[in-house]
Amino acid sequence: MSLLKVEQVMLTHDEHIAASHAPEYESGAAFTQVGYTPLNTAQIPLLDMGFIHADAAYDVVSVSRGNFFRLEEHLDRMERSCEKFALSNPYSREQTKEILHELVRLSGIKDAYVWWAVTRGVPAGPRSDPSAQKNAFYAFALPYVWLVDEETRLRGIDLGVSTFNRISPRAVDPTAKNFHWMDMKLSLFQAKKASQDWSVLLDAEDNLTEAPGSNIFIVKNGVVITPNDGCLEGVTRQSAIELAQDLGLQVELRRVHVQELLNADDAFLTSSAGGILPVRSVNGQLLNPANQVGEVAEKIHNLYWEKRWSGWLASPVNYAKVLS
């Protein structure tokens, strides 16, 4: 077995060829307060508190071969995030779904990265009163986004354990997807300086939390383990848990000390931006002495894409639909 060359398949397989679309939507489509626009002309108000205060919730869902993956679960999570941050989506769930589908249809993209957010909006009353604000909605779809390129994925990510701690759950609830990324951005800059591909952050007690835009899993003695605290409850994370169980593997959700990562037999990240991302090394130390992607990561990676492309939990995009 070898790791599926997913990006190559997306570039060459007939089922990934873009549908007919207007040339202005070639780079993607956006939805703002003025409605649908080409992505490169979309604008937001400078005074929106999502922009100036990171006062927002957002989510990301992916499309491949013209199918949204686990869209209902992403919508569920977004609703929970808004509730935790006292935000109110100005559009209903069905309207939100229609907007997301229409963005992909307009762009014609068969493999897409679809992002949407609800922000506090431009101040409309006392900032201490969330009910006084008029919350805003923004969304866009663009060609599929990868955390790392195909060459890096095939040989496995070189991961660095950051010295920057993840924001405490007592400060910002990590189960609500949010704009508070500075700890993760600084960890990525640190990884880059150390010639590493990606980073993972710890809590104040040196337990694993998450990686930027992704969850982390380790494998030890055939047991698949992922943190259950201090991290986003990722939809791709849930997919990996289910796939591991399908393969007959034991799965544990618990606190995971960083030393367990350093001593792991295998590890991988999960994200809507790339699916399953095998890890080759941690802090320069190879997990596999043979310098190969781990067997468990490889099996889960391949099964993830095989099942997705066979219609697993798919919501098809109607590229022929024209809105009235």
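**Close-up 1. D206, a non-glycine residue with a positive phi.** In this predicted model, D206 is partly exposed, with a relative accessibility of 36%. Look for D206 in the loop that runs between strand 8 (198-200) and strand 9. Its phi is about 65°, although D206 is not a glycine. As background, most residues other than glycine have a negative phi.

**Close-up 2. A86, another non-glycine residue with a positive phi.** This view moves to the loop between helix 3 (71-84) and helix 4, where A86 sits. The phi of A86 is positive, at about 55°. With a relative accessible area of 43%, A86 counts as partly exposed.

**Close-up 3. The hairpin of strand 9 and strand 10.** Strand 9 (residues 215-220) runs antiparallel to strand 10, and three bridges join the two. Within this pairing, I218 has I225 of strand 10 as its bridge partner. Two residues lie between the strands, and N221 takes a positive phi near 50° in this hairpin.

**Close-up 4. Strand 10 and its two sets of side chains.** Which residues of strand 10 point one way, and which the other way? V223 and I225 point one way from strand 10 (residues 223-226), while V224 and T226 point the other way. Buried or exposed? All of these residues are buried. Strand 10 also pairs with strand 11 (residues 250-253), here in the parallel sense and over four bridges. On that side, I225 stands opposite E252 of strand 11. For orientation, strands of a sheet pair through backbone hydrogen bonds, either parallel or antiparallel.

**Close-up 5. The β-α-β unit that includes helix 7.** Follow the chain from strand 10 through helix 7 (residues 235-246) to strand 11, and you trace a right-handed β-α-β unit. The parallel pairing of strand 10 and strand 11 belongs in this picture too.

**Close-up 6. Helix 6 and its buried side.** Helix 6 (residues 182-193) has 12 residues, which should span 16 Å at 1.5 Å a residue; its end C-alpha atoms are 17 Å apart, in agreement with that. Which residues of helix 6 are buried? They are D183, M184, S187, L188 and A191. These buried residues lie on the same side of helix 6 because they cover an arc of only 135° around the axis. Strand 8 is included in what covers them. The face turned away from this buried side carries the exposed residues M182, K192 and K193. After helix 6 comes S195, with a positive phi near 60°.

**Close-up 7. Helix 4, a mostly covered helix.** Helix 4 (residues 93-107) has 15 residues and reaches 22 Å from its first C-alpha to its last, close to the 21 Å expected at 1.5 Å a residue. How many of its residues are buried? The count is 11 of 15, and among them are T96, K97, H101, E102 and R105. Helix 4 is followed by G108, whose phi is positive, near 70°.

**Close-up 8. S107 and its contacts.** S107 lies in helix 4. Its relative accessible area is 1%, so S107 is buried. What does S107 touch, leaving aside residues up to four places away in sequence? The contacts are H21, Y25, G28 and A29.

**Close-up 9. An open sheet of seven strands.** The strands follow the order 2-1-6-5-3-4-15, with antiparallel pairing. Strand 2 (35-38) and strand 15 (314-316) are the edge strands, each pairing on one side only. On average, neighbouring strands of this sheet are turned by 25° against each other, direction ignored. Towards the strand 2 edge, four bridges join strand 1 (residues 29-32) to strand 2, and these strands run antiparallel. A29 has P38 of strand 2 as its bridge partner.

**Close-up 10. Helices against the sheet.** Helix 3 packs on the sheet and touches strand 3 (56-64), strand 4 (67-69), strand 5 (112-119) and strand 15. The direction of helix 3 makes about 175° with that of strand 3. Helix 9 (residues 295-309) lies across strand 3 and strand 4, and runs at about 75° to strand 3.

Conventions:
Residues are numbered from 1 along each chain as its sequence is written. This is a predicted model: local features need pLDDT of at least 70, side-chain atom pairs count only at pLDDT 80 or more; totals for chains, interfaces and linings use all residues. Side-chain values use heavy atoms; hydrogens and water are left out. Buried means under 20% relative accessible area, exposed over 50%, partly exposed in between (1.4 Å probe, protein chains only). Two strands pair if DSSP finds at least two bridges between them. A crossover is right-handed if, with the strands pointing away from the viewer, the path from the first strand over the helix to the second runs clockwise. The expected span of a helix is 1.5 Å times one less than its number of residues. The arc is that of the directions from the helix axis to the C-beta atoms. Contact means heavy atoms within 4.5 Å. Axes are lines fitted to C-alpha atoms, for helices over the stretch in contact, and angles run from 0 to 180 degrees between N-to-C directions.
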